[in-house]
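Work through the exercises below with the model open. Try each task before you read its solution.

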Amino acid sequence: MNGFFDIPSDLQHSWAGLIGLHLRESLLPVAAGLLLALPLAQLCVRFRWLYPPVLGLTTVLYAIPSLAFFVVLIDYTGQTELTVMIPLAVYSLVVLVPAIVDGVRSVPEETLAAATAMGFGPVRRYLQVQLPIAAPAIMAGLRVATVSSISLVSVGALIGNQGALGNLLAAAQKYDRPELAVNAVLTMAVLAIVCDALLVGLRMLLTPWMPRGARPKAAARPEPLTAEGAAR
Amino acid sequence: MNVLDFVHAFFSDSAHWQGYDGIPQRFWEHVQYSLLALAVAAAIGLPVGLLTGHTGRGGNALALIANAARALPSFGLLVLAVLLIGFGLLPVMIPLVVLAVPPILVTTYEAVRSVDPSPVDAARGMGMRESRILFQVELPVALPLVLSGLRSAAIQIVSTATIAAYVSLGGLGRYIVDGLYQRDYEKVVGGATLVAVLALLTLAAFWAAGRLAVSPGVRRR
């Protein structure tokens, strides 16, 4: 593989620079999605009737292809990073809301009653009892959101060099250098796997009471995205 | 002009409804790519998922493979496949199948795993063969979850099949990619709307399939 790391200069970034850009463009939206999903999921748990319509709406949003989402946004936000990050935040939200709702709902009634009896107020009960118990489910959702976000950023290359490592794919075609495409795919896959592993580590730190090695029950639900709600 | 105006303009232009670049033609192409990719992915994912789920072996390996496959970017795979094997249907199918196999595989595995063991033991006690246990006891109970795995795979295929247009094939992505280069947002928005419609139709199809195929006794609600 000759010239594996010879990044064409019109990308205006080194390989490491592209990685930094890629991480920013993919992880910031997940963080934004999480910030939005936490209160939204809390509302859905509080008011049960709210959950089916929220799930239906998010499923429809998830069905819009990322490319179309990007292009439609160009009209409002121009060919900027923001245009790539908004749809990714929406997709993360779609994955995270059901994960958090399921996680928070899985907390046993007795546990909640015990916390209340110990004099926990609603806020403290939420932060110190419900969220920690829901942590495995939330982390499972975060893992899916993060990995798919990292892979979707590359589509941004189609709307004018906003795809970070994805721009390498466009360059690979333009200059007929397949090794650049190999570089892009491998780097993105490694980034995704590393971020995924970091999240698994974080989950272990956050849930010290869980047995090591055993897969959390929540991870057993493979695609927390489950369009399930829409069909219900 | 907001998005709704674009949608209206696109669908009321009669030029968009005929010829080889017409909506019916593009829609049909998109359905064909999606069905083919789903069929291939199901042919790989379902048997492996059913078998590993039945025996209960290899669950961790499955999760590992599925995670690794999810880490591969579809668009990157597409460009790479085109550079390596040239234009055609095959390079489009590779990323779509890679995208769709993990959800089918993992959901099928988990669905069969999570079947209540007592009816399975009862069936075994009655002398049913393992293959009959799998298809007549476990599969019917696991069917709702198996279908939900197929459904999320199908939705992802439908929305990702738009990238076929990027490598000169047809489908609804044609409108999005062409519209982007022609600065014709009407076309882009129209294409995106059509994909979303197709995704909703897919959801409806799976809902109907669930109604027809899932035995009323196992239906959750």
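**Exercise 1.** Which helices each supply at least two residues of the lining of the largest cavity?

*Solution.* The model is predicted. Start with chain A: α3 (66-77) and α6 (122-152) belong to the set. Then take chain B, where α3 (59-70), α4 (74-85), α5 (89-113) and α7 (130-160) join them. Now look for the largest share: α5(B) gives it, with five residues.

**Exercise 2.** Describe the largest cavity by volume, lining and residue class.

*Solution.* Begin with the count: there are four cavities of 30 Å³ or more. Next, the volume: the largest cavity holds about 490 Å³ of space. Its lining is made of 31 residues. Nearest the centre lie A:Leu152, B:Ser74, B:Leu99, B:Gln156 and B:Thr160. Finally, sort the lining by class: 20 residues are nonpolar, nine are polar and two are charged.

**Exercise 3.** Where is A:Asp176 found, and is this residue buried or exposed?

*Solution.* Check the backbone: A:Asp176 is not a glycine, yet its phi is positive, about 50°. Place the residue: A:Asp176 sits in the loop between α7 (166-174) and α8 (178-206) of chain A. Then read its relative accessible area, 57%. Exposed means over 50%, so A:Asp176 is exposed.

**Exercise 4.** Treat B:Arg183 in the same steps: phi, place, exposure.

*Solution.* Phi of B:Arg183 is positive, near 55°, and the residue is other than glycine. The loop between α8 (173-181) and α9 (185-213) of chain B contains B:Arg183. With a relative accessible area of 52%, B:Arg183 is exposed.

Notes:
Residues are numbered from 1 along each chain as its sequence is written. Chains are lettered from A and ligands numbered from 1 in the order in which they are written. This is a predicted model: local features need pLDDT of at least 70, side-chain atom pairs count only at pLDDT 80 or more; totals for chains, interfaces and linings use all residues. Side-chain values use heavy atoms; hydrogens and water are left out. On a 1 Å grid over the protein atoms alone, a cavity is a set of points where a 1.4 Å probe fits but cannot get out, and a pocket is an open set with protein on both sides within 12 Å along at least five of seven lines; lining residues have an atom within 4 Å of a point. Grid points are joined across faces, edges and corners, and a volume is the space filled by probe spheres set on the points. Helices (H or I, at least four residues) and strands (E, at least two) are DSSP runs, numbered from the N terminus. Ala, Val, Leu, Ile, Met, Phe, Trp, Tyr, Cys and Pro count as nonpolar, Asp, Glu, Lys and Arg as charged, and the others, Gly among them, as polar. Buried means under 20% relative accessible area, exposed over 50%, partly exposed in between (1.4 Å probe, protein chains only).
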